[in-house]
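Here are some worked exercises to try with the model open beside you. Have a go at each task before reading its solution.

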Amino acid sequence: MIIAVDAMGGDFAPAEIVKGAVQGSELHKVDVVLVGDEDAIRPHLPPTTSSRVTVKRAAETIRMDENASAVRTKRDASVVVAALLVKEGAADAMVSVGNTAAAMAVGTLWLGRIRGIDRPAIATVIPARTGPTILLDAGAVVDCEVENLRQFALMGSVYAENVLAIERPRVALLSVGEEKSKGSELIKAAHEILAAGSLNFVGNVEGRDLFSGAADVIVADGFAGNVALKTAEGLVEYVVQVIKDDLRSHPLAWIPIALLTPAMSRLRTKLDYSEYGGAPLLGLNGVCIIGHGRSKARAVANAVRAAKEAVTGGVVAAIKEAVTGATAGAGARSK
């Protein structure tokens, strides 16, 4: 298996990206192609680099602050070349922790959408109390229609089943109340469609249920999903820091700190985005993993793992099959 990694994307590129990609190759037994400025990449490779790690030259870079339209003019940008490797069959998946909008644009333009999927969605794995929960969309499509949400639900269910090994995943809509009468007109219309469909739809959930394990797949438009995700990330960082500051403010604070350090470490690890590496952009004719711009080596290595899991789980083929089945079922019901 070959994973193309955009080595020039992210706040800590190329050093941390190269380091993480090499670690990911070693840990997960995959070949990695580092795409970008070869002169900038090679100094960060270990002296005894495995033959499983190679470099593919790309002369241009799309900065974090550039508009996504740059993918049309910078045809030799690292993220574009990584996508082309997947499209041409030279790589099985791509990973980018750089400009998110640019990664989504190259995914849509060069990999293309699966027939029957109108808009790709970012599927983020959340460490809920009882196991992983998928939130989608986490920011790709801020203005959604009912059909978009139905497709998100379908793709999220496929990913949960094929990658996370969750049998008949519970699907829910993110709303302002559990009752089906609650929410925007969009959510109420989506509720009606999902309730009549074949997915294991369990109704509405609220923002507090992101970590409760009330559903395996939580569906939202990209605006609400992104706000919920970023709020949760910020709250976790705040709570952990408040606990640390409060303990350190007391004369004998070292005693509880010593006792709590292992538990705090486990909590931080469980809630740390770097443990999950990246989020798949579902709905494309290829595997594309998008990571946090602040990703360092561990996050990149885990993004490589996420790419491998998506390929091994046959996510793209499974979504195609599910879309075909859903279309056939809708046709039969309309007769």
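Helices (H or I, at least four residues) and strands (E, at least two) are DSSP runs, numbered from the N terminus. The model is predicted, so local features need pLDDT of at least 70 and side-chain atom pairs count only at pLDDT 80 or more, while totals for chains, interfaces and linings use all residues. Residues are numbered from 1 along each chain as its sequence is written, and side-chain values use heavy atoms, with hydrogens and water left out.

**Exercise 1. Place Tyr238 in its helix, then find the nonpolar surface patch that holds Tyr238.**

Step 1: Tyr238 belongs to helix α8, which covers residues 222-248.

Step 2: Check its accessibility. Buried means under 20% relative accessible area, exposed means over 50%, and partly exposed lies in between (1.4 Å probe, protein chains only). Tyr238 has 56% relative accessibility and therefore counts as exposed.

Step 3: Collect the patch. Patch residues have over 30% relative accessible area and no salt bridge; like charges are joined within 9 Å, and nonpolar side chains (Val, Leu, Ile, Met, Phe, Trp, Tyr) within 5 Å. Here the patch is formed by Leu235, Tyr238, Val239, Val242 and Ile243. Together they offer about 440 Å² of accessible area, computed by the Shrake-Rupley method with a 1.4 Å probe, where for residues only the protein chains shown count as cover.

**Exercise 2. Describe the lining of the largest cavity.**

Step 1: Fix the rule. On a 1 Å grid over the protein atoms alone, a cavity is a set of points where a 1.4 Å probe fits but cannot get out, and lining residues have an atom within 4 Å of a point. Grid points are joined across faces, edges and corners, and a volume is the space filled by probe spheres set on the points.

Step 2: Count. There are two cavities of 30 Å³ or more, and the largest holds about 70 Å³.

Step 3: Locate the walls. β11 (278-282), β12 (287-291) and α11 (315-334) are the elements that each give two or more residues to the lining of the largest cavity. Among the lining residues are Leu282, Cys288 and Ile319.

Step 4: Sort by class. Ala, Val, Leu, Ile, Met, Phe, Trp, Tyr, Cys and Pro count as nonpolar, Asp, Glu, Lys and Arg as charged, and the others, Gly among them, as polar. The lining of the largest cavity then gives ten nonpolar, two polar and no charged residues.

**Exercise 3. Repeat the sorting for the second largest cavity.**

Step 1: Its volume is about 50 Å³.

Step 2: Its lining includes Asp6, Met8, Ser78 and Asn99.

Step 3: By class, the lining of the second largest cavity has four nonpolar, six polar and one charged residues.

**Exercise 4. What does the salt bridge between Arg170 and Asp216 tie together?**

Step 1: A salt bridge is a side-chain nitrogen of Lys or Arg within 4 Å of a carboxyl oxygen of Asp or Glu. The whole structure has 13 of them, and in the one between Arg170 and Asp216 the N to O distance is 3.1 Å.

Step 2: Arg170 sits in strand β8 (residues 170-174) and Asp216 in the loop between β9 (200-205) and β10 (217-219), so the bridge ties together parts 46 residues apart in sequence.

Step 3: Arg170 is partly exposed at 26% relative accessible area, whereas Asp216 is buried at 10%.

**Exercise 5. Examine the salt bridge of Arg63 and Glu66.**

Step 1: Their side chains meet at 3.6 Å, N to O.

Step 2: Arg63 is partly exposed, with 47% relative accessible area, and Glu66 is buried, with 15%.

**Exercise 6. Find two cis peptide bonds, one before Pro14 and one before Asp137.**

Step 1: Ala13 and Pro14 are joined by a cis peptide bond with omega of about -5°. Pro14 lies in the loop between β1 (2-6) and α1 (15-28).

Step 2: The bond from Leu136 to Asp137 is also cis, with omega near 10°. Asp137 lies in the loop between β7 (131-136) and α6 (146-162).

**Exercise 7. Where does Lys29 lie, and what is its phi?**

Step 1: Lys29 is in the loop between α1 and β2.

Step 2: Its phi is near 55°, a positive value in a residue other than glycine.

Step 3: Lys29 counts as exposed, with 57% relative accessibility.

Conventions: 1 Å grid on protein atoms, 1.4 Å probe; cavity = no way out; pocket = protein on both sides within 12 Å on 5 of 7 lines; lining within 4 Å.
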